[in-house]
Amino acid sequence: MPVARPESSDSRVIAHVDMDCFYVQVEQRKQPELRGHPTAVVQYNAWKGGGLIAVSYEARSFGVKRSMRGDEAKSVCPEIQLVRVPVARGKADLSIYRNAGSEVVAILSRKGRCERASIDEVYLDLTDAAEKMLSETPPESLEVIDDEVIKSHVLGISAEPSDVRQAVREWICRSNADRRDKLLACGAFIVAELRMQVLKETQFSCSAGIAHNKMLAKLASGMNKPAQQTVVPFVSIKSLLEPLPIRKMKQLGGKLGCSLQDDLGVNTVGDLLQFSEGRLQERYGINTGTWLWNIARGINGDEVESRVLPKSHGTGKTFPGLNCLKTIAAIERWLSKFSEELAERLEVDLEQNKRIAQTLTLHASAHKATESQSQKKFPSKSCPLRYGTTKILEDALNLFQAGLREYLSSSSKAYGNGCSGWGITNLSLSASKIVDIPSGTCSIMKYFHTQDQSCSSTKEFNDKEIFEAATLSTSGTCAGSESYLMKHLQEPQTECHEDGTKMNTLMQTHLEDESRMFEDKAQTNFSREISSLSTPVKKNEPQLDSVGEDAVIKDAAGGNRSRDQKGKALKEKQGTSSILQFFQTKNCFQEPKEESVNDMQETTESSCSGKADGTVPSESGGIRSLHRGADQSRVDCIYKIDEIDPNVVDELPREIQEEVRAWLRPQKRANNTMRRGSSITHYFSPNKNL
Ligand code: TTP
C-alpha cells in the first residue's frame with residue numbers, strides 16, 4: 001500500500017541515476033571490441049537465440065527491442081553481437097553485473113546520502129552538497145561552466161534547438177531565481193561531475209534526473225538517455241505529470257490504478273487533479289487518498305535511505321513450457337543449487353558487510369494444469385532464515401511443500417510424486433530483511449570469548465558473531481535478527497505463510513526467459529526497486545525437533561561443521577555451555593508460537609523486559625540488559641557484576657545458578673542487604689529500590 005508522506009522540505013535536491021543499457025556496458029568493458037557495435041545480452045536459455053535482456057543504443061536504432069529473442073534481433077539487425085549472460089550452476093550468474101553496480105555506487109556515494117535502488121539504479125540526496133555550493137560558489141559566479149552541465153535538459157525551457165544551450169546556461173546562472181531552483185541548478189553541476197567521474201573510473205555511462213523529490217527525479221532520469229541528465233524545475237512539475245498515463249506511475253500499475261481508471265475515469269495523472277483530497281480519501285481511505293492527491297501534484301516525501309548495499313538477495317530460474325519442473329526430485333535439485341548460491345552470497349555479505357538476513361522466501365509460478373487451478377496462484381512462502389546451504393535447502397523444500405499443498409488443495413490427488421497435475425514454471429529463493437549486526441555488540445559469547453586466543457580466522461570470528469548476535473535479545477530492528485539467527489542456527493522450523501507481496505527482487509535476479517516479467521516491468525515503469533518483502537509468518541506447521549539438529553556452518557577451512565559440535569567445543573574449552581544454553585533456549589526467550597515475523601519481533605523485544613531474557617554479561621564484565629522503557633524506546637543498561645545482588649541467584653534457573661555464583665564469588669559483599677524481588681530484571685535494574 002502506498003504511504004502518504006509529507007515533504008520534509010521542498011528545497012531538497014534529489015537525483016536518480018540510472019545506468020545505460022547496463023549489462024551491455026559491462027560486457028563491452030570486458031570485450032572492448034564490442035564498443036560502438038550493436039550489441040545485446042541474451043539469457044542463458046538459447047531457445048530461438050535466447051531472450052534479450054539488455055540492448056545497446058546502437059542496436060536500438062536498428063529497431064532491436066528487449067522483447068525480442070536473439071534470432072529475431074539478428075533478422076532486424078544482422079550485425080548485432082549477442083553476448084550470453086555468464087552461467088554458473090546451470091543458470092545465469094549475475095555477480096559480474098552486481099559487482100559492476102557496486103563500483104558505481106561507491107563513486108556516487110561520495111557526494112551525499114546514497115540509496116541503491118536496484119542493480120543499476122541509485123537515489124542520491126544532494127541537498128547538503130548543493131547548499132554548500134550555493135553558498136560558496138553559486139553558478140552565477142562561475143566563469144567557466146562544464147559542457148556536461150550545459151548539456152542538461154531543463155524541463156520547461158523552450159528555445160530553438162540552436163539556442164537551447166544558451167537557454168540552459170541562462171537558467172542555470174539566473175541570479176534572481178527562486179532558491180529552490182538555484183539549488184536544483186547546483187544539483188545539475190554535482191550530478192554532471194559525478195557522472196563524469198563514473199565514466200572515468202568505470203567506463204560506464206549513466207543518465208540522471210534531478211528534482212526536489214524521489215518520484216520526480218526517477219521520472220526524469222529516463223527522459224533523456226543515454227548519458228544525459230534532466231532537471232525538473234518547480235514550474236515544470238505540472239506539465240511533466242499531467243499527460244502521464246496513470247498506470248505508468250509507480251504503485252499504480254495494479255488494482256489501484258485499475259480502480260482509478262474504471263471507477264473514476266482517471267487515465268492520466270492530470271485527470272486525478274479534478275478530485276479533492278476528501279473525495280479520494282472517501283473512496284480509498286485516508287492514507288491512500290492523500291497519497292493520490294499528493295502524487296497528482298508531484299508531492300512525495302520519501303526520504304533517500306542510506307543504503308549502498310542490496311536490500312535482499314535473490315536467485316531463481318524459469319522453466320518455460322516443456323521444461324517445467326514436475327517432480328519433487330527436480331524441485332529439490334534446483335533448490336539445492338539456489339540454496340548453495342544464496343548461502344554463499346549471504347556468507348560474503350556477512351563477512352564483508354557484517355549483515356544478516358532474517359527471512360527466507362520461496363516464490364514459484366505453477367503450470368496451469370486444469371481449469372480450476374489456472375485461476376490459482378502458487379502462494380509465496382516465507383520462514384525465518386537459517387544460515388548454511390543444508391538448512392536453507394531444508395527450509396526451502398518445506399516452504400515449497402507447504403505452497404504446493406495449498407496450491408493443490410482443490411485436487412489433492414495431484415500432490416506428491418511425479419505426476420502430471422502440476423508443473424513449476426518459475427522457482428526462486430530470496431533472503432530478505434537484512435540488518436546490520438550492531439557494532440560493539442556485547443553478548444555472553446563475547447564475554448566468554450575474550451579469553452579465547454585460539455580463534456583467529458575471519459570465518460571463525462564471523463561464526464561467533466552470528467552466534468552472539470543470536471544470543472543477545474535486543475529491541476529494535478536488531479532484535480529480530482538476533483533472535484532469528486539463534487533459530488537459524490539452532491532450531492529448524494517450518495513456519496510458512498502466504499506472502500501476498502510481489503517479488504520485485506525477481507527482477508533483480510533477472511530470471512532466465514522471464515519474458516512475462518519483462519513485460520510487467522515495462523508496464524509498471526519498472527523501477528526495479530528492491531522492495532522489502534514484508535512477510536508475516538504464521539506458524540502453520542509443527543515445529544521440527546530442534547534439539548541436536550546440526551546447523552551446518554562453514555568452518556575456517558571452508559568445510560562444513562555443525563553448530564552443535566562447535567558449541568561442544570566451546571563448552572569443553574570454557575565450561576560455559578549451560579549458561580549459554582540458558583540464554584539461547586527458546587524457553588528463555590519465550591518466543592511466540594503463532595505470530596507474524598513482525599509480531600514475533602515485538603514479542604521478543606518485550607520479552608527483554610521480562611524475566612531473565614535480554615540480560616547477558618557484557619564484555620566489560622558487567623551484565624547488559626536490553627529492554628524497552630515505558631516510552632517504548634530502547635533502554636540499554638550495563639550492570640556491573642559487583643552491583644548484582646547475589647540473592648537473585650536463587651531465582652535463576654538451576655542450571656545456571658552455579659555459573660552465576662562463580663562470577664559473583666570475587667565480588668561477594670559482606671553486607672548483603674538487597675531485597676529479593678520477583679524477577680531477575682528487577683534485581684538487575686538500576687532503578688530498583690534497595
Ligand atoms: P534497465 O535499467 O531497465 O535497462 P538497461 O540498463 O538495459 O537500459 P536503459 O538504458 O534503457 O536503462 O535494466 C538494467 C539491467 O537489468 C539491464 O541491463 C538488464 C537487466 N534486466 C533484466 O535482466 N531483465 C529485465 O527484465 C530488465 C528490464 C532488465
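Helices here are DSSP runs of H or I with at least four residues, and strands are runs of E with at least two, both numbered from the N terminus. With that in hand, here are some exercises on this predicted model.

**Exercise 1: an unusual peptide bond**

Find the place of P226 and describe the peptide bond that leads into it from K225.

*Solution.* Start with the elements on either side: α9 covers 214-221 and β11 covers 229-231, and P226 is in the loop between them. Next, look at omega for the bond from K225 to P226, which is near -10 degrees. That bond is cis. As background, most peptide bonds are trans.

**Exercise 2: positive phi**

Take K48 and R89, locate each one, and work out whether each is buried, partly exposed or exposed.

*Solution.* Begin with K48, whose phi is near 55 degrees, a positive value in a residue other than glycine. K48 is in the loop between β2 (39-42) and β3 (52-55). Its relative accessible area is 45%. Partly exposed covers the range between the 20% and 50% cut-offs, so K48 is partly exposed.

Now turn to R89, where phi is again near 55 degrees, a positive value in a residue other than glycine. R89 is in the loop between β5 (87-88) and β6 (91-92). At 25% relative accessibility, R89 counts as partly exposed as well. For context, most residues other than glycine have a negative phi.

**Exercise 3: a buried aspartate**

Where does D20 lie, and which polar contacts does its side chain make with S205 and A227?

*Solution.* First, the place: D20 lies in the loop between β1 (14-19) and α1 (22-30). Second, the accessibility: because its value is 0%, D20 counts as buried. Third, the polar partners: the side chain of D20 makes a polar contact with the side chain of S205 at 2.7 Å, and a polar atom of the D20 side chain lies 2.8 Å from the backbone nitrogen of A227. Finally, the surroundings: beyond four places in sequence, the contacts of D20 include Y57, C206, K225 and P226. The last two are the residues joined by the cis bond of Exercise 1.

**Exercise 4: a buried isoleucine**

Locate I246 and say which residues it is in contact with.

*Solution.* I246 is in the loop between α10 (237-241) and α11 (255-264). At 0% relative accessibility, I246 counts as buried. Leaving aside neighbours within four places in sequence, I246 is in contact with L252, G257, L260, Q261, V266, N267, T268, V269 and L272. One of these, V266, is 20 residues away along the chain, with 7.2 Å between the two C-alpha atoms.

Definitions and conventions. Residues numbered from 1 in each chain as written. Predicted model: local features only at pLDDT ≥ 70, side-chain atom pairs only at ≥ 80, totals over all residues. Heavy atoms only, no water. Buried < 20%, exposed > 50% of the residue type's maximum accessible area, 1.4 Å probe, protein only. Contact = heavy atoms within 4.5 Å. Polar contact = N/O pair within 3.5 Å; in protein donor to acceptor, adjacent residues only side chain to side chain.
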